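These questions take one predicted model and work from charged side chains towards sheets and rings. Keep the sequence and the structure in view while reading.

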Amino acid sequence: MSTTAESAAPRVTLSDVAAEAGVSLATISKVLNGRPDVSPATRARVEVLLAEHGYQRRTGATTTKAELVELVFHELDRIWSMELIDGVESVAKEQGLSVVLTVTGDRHSPGSEWLEGVLRRRPAGVVLVFSDLPPELRERLRSRAIPFVIVDPAGDPSPDVPSVGSANWSGGLAATRHLIELGHRRIAAITGPADMMCSLARLDGYRSAMNSAGLEIANEWVRFGDFHVEGGRAQAMALLDRPEHERPTAIFAGSDLQALGTLEAARSLGLTVPRDLSIVGYDDIPVSRWVSPRLTTVHQPLRQMGVEAAKLVLAAARGEDAPGTPRMDLATSLVVRDSTAPPAR
């Protein structure tokens with residue numbers, strides 16, 4: 001079997017693609033490397049032909065790559081993003097690489113403008129904090145031999161996308177069981193957005209614990225928030241601003257930020273935590289250890305998720321692809337502090 005720096009299936013040369021597209025070989029090179037000086041129509045025509053011929057640049061080809069790992073978020077205002085950054089950076093530093101941060105798109109996928117930029121930068125690998133990647137983005141990254149991994153605290157990537165996540169269902173189950181074991185029976189849940197798989201998985205864990213204990217789940221006790229403080233406060237106010245016999249004695253919040261919003265809502269209504277209300281958060285971000293009362297929460301190993309994602313993507317960059325598509329789900333664990341207690345009698 002012959003080997004070349006560029007491979008394709010079926011076998012085709014870039015000169016063949018250039019001739020079929022009616023452009024020069026230099027134009028093909030510009031498209032491959034994300035250069036901006038190509039018209040949108042020409043770029044689209046070339047991309048279609050490359051895809052039709054199954055073109056893929058072989059990993060390890062003699063194309064210069066920047067000595068960096070690109071870490072891509074849709075936002076940086078969440079406290080937990082620093083944990084992920086720290087994990088990725090620790091692995092990159094060990095291998096003599098730098099980390100560049102990019103903010104683009106929404107929580108589901110990066111913006112379309114990001115792709116041309118990353119093709120020009122040609123990082124050693126890309127770590128993306130999104131629910132998934134659209135098929136066309138995946139194929140264009142693969143065709144340029146730019147490996148990628150999704151860090152998945154927020155969704156459920158497609159089966160052919162390498163990813164690192166955590167055990168969201170188990171986390172929701174453990175949080176709710178803790179409250180049940182303390183003696184709570186009226187337990188509400190504030191999860192994240194309804195279109196995010198992690199929100200639904202944590203909520204399913206809550207429902208499983210409640211059903212196993214034979215406890216009723218009132219419809220109004222299940223709330224969808226946004227994983228932020230303000231959303232948690234708004235949903236908690238709707239749960240707590242009612243007569244004592246109608247409000248829950250405990251709330252499982254699907255993120256620590258929502259738990260902080262719940263804590264603020266309780267205080268504004270004159271309720272004491274944990275005497276009048278127990279609260280469990282999710283993530284175990286550093287601030288959960290410093291608020292008063294200290295927050296009982298589910299530890300999501302965010303830093304380790306960043307570490308494992310960086311290891312996966314850099315192994316792929318070295319051509320050390322694992323068999324199949326790597327999918328790693330790290331364990332969660334309950335951390336009991338001061339925001340939970342038996343319900344007042």
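Q: Is Arg294 buried, exposed or partly exposed?
A: The relative accessibility of Arg294 comes to 37%. The structure is a predicted model, in which local features need pLDDT of at least 70 and side-chain atom pairs count only at pLDDT 80 or more, while totals for chains, interfaces and linings use all residues. Residues are numbered from 1 along each chain as its sequence is written, and side-chain values use heavy atoms, with hydrogens and water left out. Because buried means under 20% relative accessible area, exposed over 50% and partly exposed in between (1.4 Å probe, protein chains only), Arg294 counts as partly exposed.

Q: Which residue meets the side chain of Arg294 in a salt bridge?
A: A salt bridge is a side-chain nitrogen of Lys or Arg within 4 Å of a carboxyl oxygen of Asp or Glu, and the one formed by Arg294 has an N to O distance of 3.0 Å and is made with Asp338. The pair links distant parts of the chain, 44 residues apart, with Arg294 in the loop between β11 (278-283) and β12 (296-299) and its partner in the segment after β14 (333-335); here helices (H or I, at least four residues) and strands (E, at least two) are DSSP runs numbered from the N terminus. The partner, at 34% relative accessibility, also counts as partly exposed, and it is Asp338.

Q: How many residues apart are Arg138 and Asp160?
A: The side chains of Arg138 and Asp160 meet in a salt bridge at 3.1 Å, N to O. Arg138 belongs to helix α6 (residues 135-143), whereas Asp160 sits in the loop between β6 (148-152) and β7 (163-166), which puts them apart by 22 residues.

Q: Which residues are linked with Arg138 and Asp160 in a network of salt bridges?
A: Side chains of opposite charge can pair when their charged atoms come close. Arg138 is buried at a relative accessible area of 8%, whereas Asp160, at 33%, counts as partly exposed. The network that holds both of them also includes Glu139 and Arg142.

Q: What is the N to O distance of the salt bridge between Asp329 and Arg327?
A: Asp329 counts as partly exposed at 46% relative accessibility, and Arg327 does so at 39%. Their side chains meet in a salt bridge whose N to O distance is 2.8 Å.

Q: Which residue offers the backbone oxygen that the side chain of Ser288 reaches?
A: Ser288 has its place in the loop between β11 and β12 and is buried, with a relative accessible area of 0%. Contact means heavy atoms within 4.5 Å, and, not counting residues up to four places away in sequence, Ser288 touches Asp256, Arg294, Leu295, Thr297 and Arg337. The side chain of Ser288 also reaches, at 2.6 Å, the backbone oxygen of Ile285.

Q: Which strands stand at the edges of the open sheet with mixed pairing?
A: Two strands pair if DSSP finds at least two bridges between them, and in this open sheet 6 strands follow the order β9-β8-β10-β11-β12-β14. Each edge strand has a single partner, so one side of each is left without a neighbour in the sheet, and these strands are β9 (222-224) and β14.

Q: What angle does the direction of helix α10 make with that of β11?
A: Strand β8 (residues 187-191) pairs with strand β10 (residues 250-253) in the parallel sense over 4 bridges. Helix α10 (residues 256-268) packs on the sheet and touches β8, β10, β11 and β12. Axes are lines fitted to C-alpha atoms, for helices over the stretch in contact, and angles run from 0 to 180 degrees between N-to-C directions; for helix α10 and β11 the angle is about 155°.

Q: Which strands are at the edges of the open sheet with parallel pairing?
A: The 6 strands of this open sheet have the order β4-β3-β5-β6-β7-β13. The strands that pair on one side only are β4 (98-103) and β13 (327-330).

Q: Which residue forms an aromatic pair with Phe252?
A: Rings of Phe, Tyr and Trp (its six-membered ring) pair if their centres lie within 6.5 Å, with planes under 30 degrees apart counting as stacked, over 60 as edge-to-face and the rest as tilted, and the count by this rule is 1 aromatic pair. That pair is tilted, at 6.4 Å centre to centre and 50° between the planes of Phe252 and Tyr282. Phe252 lies in strand β10 and its partner in strand β11, so the pair ties together parts that are 30 residues apart in sequence. Both rings belong to buried residues, and the partner of Phe252 is Tyr282.

Note on methods
A polar contact is a pair of N or O atoms within 3.5 Å; within protein, one must be able to donate a hydrogen and the other to accept it, and residues adjacent in sequence count only if both atoms are side-chain atoms.
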